[in-house]
Amino acid sequence: MNWRPLAFVALALLAGCSTFAPAGQTPTVTPAPVPENTVTTEASPLPPGVTGNAVADIDELARAHVAVSSNRSYTWQARYVVNRVDGQRNTIRQQASVENESTYTYWTNRREAPSDSPFNYLGNYTEYAVPGERYTRVADGPRWEYSRAPHESARRQIGRRAASAVHEYLWIDNASVAVTRLDGQRYYEVSGTEYAPPATWEVSNYSVRAVVSPDGFVRRLNASYVRKLGGQRERIDYSFEYTQVENTTVERPDWVGERWGNATGETRRDG
């Protein structure tokens, strides 16, 4: 079996971090089939960092994704699934609705807890951002905890989560690059099986497929692989997708109006 070493930062996305930053019931993300791909040999404008047969500069592609996804509306969904050999399956989901750089919501079913929490992870974490501030709600054990935080742009809170995944999963050699169309526009399908970076995990059966615009907007990404460290062996499936591009609006969540009251800046708990 052709094993390759690999070090993943995917879980950093779930804690609100990324390789670029100081990542109800969420629908499953299932990329739609891409019709009639044609392998490209023409001198057409390829996405930043992408050549006809490789992702030659993953940093350039990830930066382009952040730039192009900024200052536009969209819905973003991501899923990270760990399938263990003992049959256990853990799924971490993220979803964001972005109206503009100032107004958005973000939700995840699992977020790393702060150091003073008795729990390692918190569930059902939600952010609602408007110009000037962010409101947050998180399940801390049996209680809801509410707080306000300084405003962060959608570019920083959402765009860089997605860009971190682009940087992590599309760093591949010997890519296949094919022309396709999405929403009536020219896109490229980039796929490969050879992961490039060095790492600690041993990885086999690596496969990644992404749909990328000529200016670097990664609309869909799917990656799967088997990783092994010592006696531990797991299959990982990761995916994200952008939908409702330039057609997403955000409404004030009920919990902000119903639970917030007149609090200004402090943390509030409901137990």
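Reader: Let's start with Arg 209: which strand does it lie in?
Author: This is a predicted model, so keep that in mind throughout. Follow the chain to the run of residues 201-212 and you'll find Arg 209 inside it. That run is strand 14.

Reader: And which side chain does the side chain of Arg 209 make a polar contact with?
Author: Arg 209 is partly exposed, with a relative accessible area of 25%. Its side chain has a polar contact at 3.1 Å, and the partner is the side chain of Glu 189.

Reader: How far apart in space are Arg 209 and Tyr 169, C-alpha to C-alpha?
Author: In sequence, 40 residues separate Arg 209 from Tyr 169. In space, going C-alpha to C-alpha, the two are apart by 9.2 Å.

Reader: Which helix gives the most to the largest nonpolar core?
Author: That core has 50 residues, and Trp 76, Tyr 169, Leu 170 and Phe 240 have the most contacts inside it. The top contributor spans residues 154-169 and puts in seven residues. That's helix 3.

Reader: How many residues are in the second, separate core?
Author: Its members include Val 130, Tyr 146, Trp 255 and Val 256. The count for this second core is seven.

Reader: Are the rings of Trp 76 and Phe 240 stacked or tilted?
Author: The structure holds 11 aromatic pairs, and here the ring centres of Trp 76 and Phe 240 are 6.1 Å apart. Their planes meet at 55 degrees, and since stacked needs under 30 and edge-to-face over 60, this pair counts as tilted.

Reader: How many residues apart in sequence are the parts that this pair ties together?
Author: Trp 76 and Phe 240 are both buried. Trp 76 belongs to strand 3 (residues 74-84) and Phe 240 to strand 16 (residues 232-243), so the pair links parts whose separation in sequence is 164 residues.

Reader: Which residues form the aromatic cluster?
Author: Trp 76 and Phe 240 both belong to one aromatic cluster. The full membership is Tyr 74, Trp 76, Tyr 80, Tyr 169, Phe 217, Tyr 238, Phe 240 and Tyr 242.

Reader: I like cation-over-ring geometry too: which ring does the charged end of Arg 161 sit over?
Author: There are a couple of these to look at. Arg 227 lies over the face of Trp 201, at 4.2 Å from the ring centre. For Arg 161, the charged end is 4.1 Å from the centre of the ring of Tyr 106.

Reader: Over how many bridges do strand 11 and strand 12 pair?
Author: Strand 11 has five of its seven residues buried, so the rest of the structure largely encloses it. One bridge joins Val 179 to Tyr 188 in strand 12. The two strands pair in the antiparallel sense, and the number of bridges is seven.

Reader: Which residue takes a positive phi in the hairpin of strand 11 and strand 12?
Author: This hairpin has two residues between its strands. The one with phi near 55 degrees isn't a glycine, and it is exposed, with a relative accessible area of 58%. It's Asp 183.

Reader: Where is Asn 174 placed?
Author: Asn 174 also isn't a glycine, yet has a positive phi of about 50 degrees. With a relative accessible area of 54%, Asn 174 is exposed. Its place is the loop between strand 10 (172-173) and strand 11 (176-182).

Methods
Residues numbered from 1 in each chain as written. Predicted model: local features only at pLDDT ≥ 70, side-chain atom pairs only at ≥ 80, totals over all residues. Heavy atoms only, no water. Helix = DSSP H or I, 4+ residues; strand = E, 2+ residues; numbered from the N terminus. Buried < 20%, exposed > 50% of the residue type's maximum accessible area, 1.4 Å probe, protein only. Polar contact = N/O pair within 3.5 Å; in protein donor to acceptor, adjacent residues only side chain to side chain. Core = buried A, V, L, I, M, F, W, Y, C linked by side-chain atoms within 4.5 Å. Phe/Tyr/Trp six-rings, centres within 6.5 Å; stacked < 30°, edge-to-face > 60°. Lys NZ or Arg CZ within 6 Å of the ring centre and 35° of its normal. Pairing = 2+ DSSP bridges.
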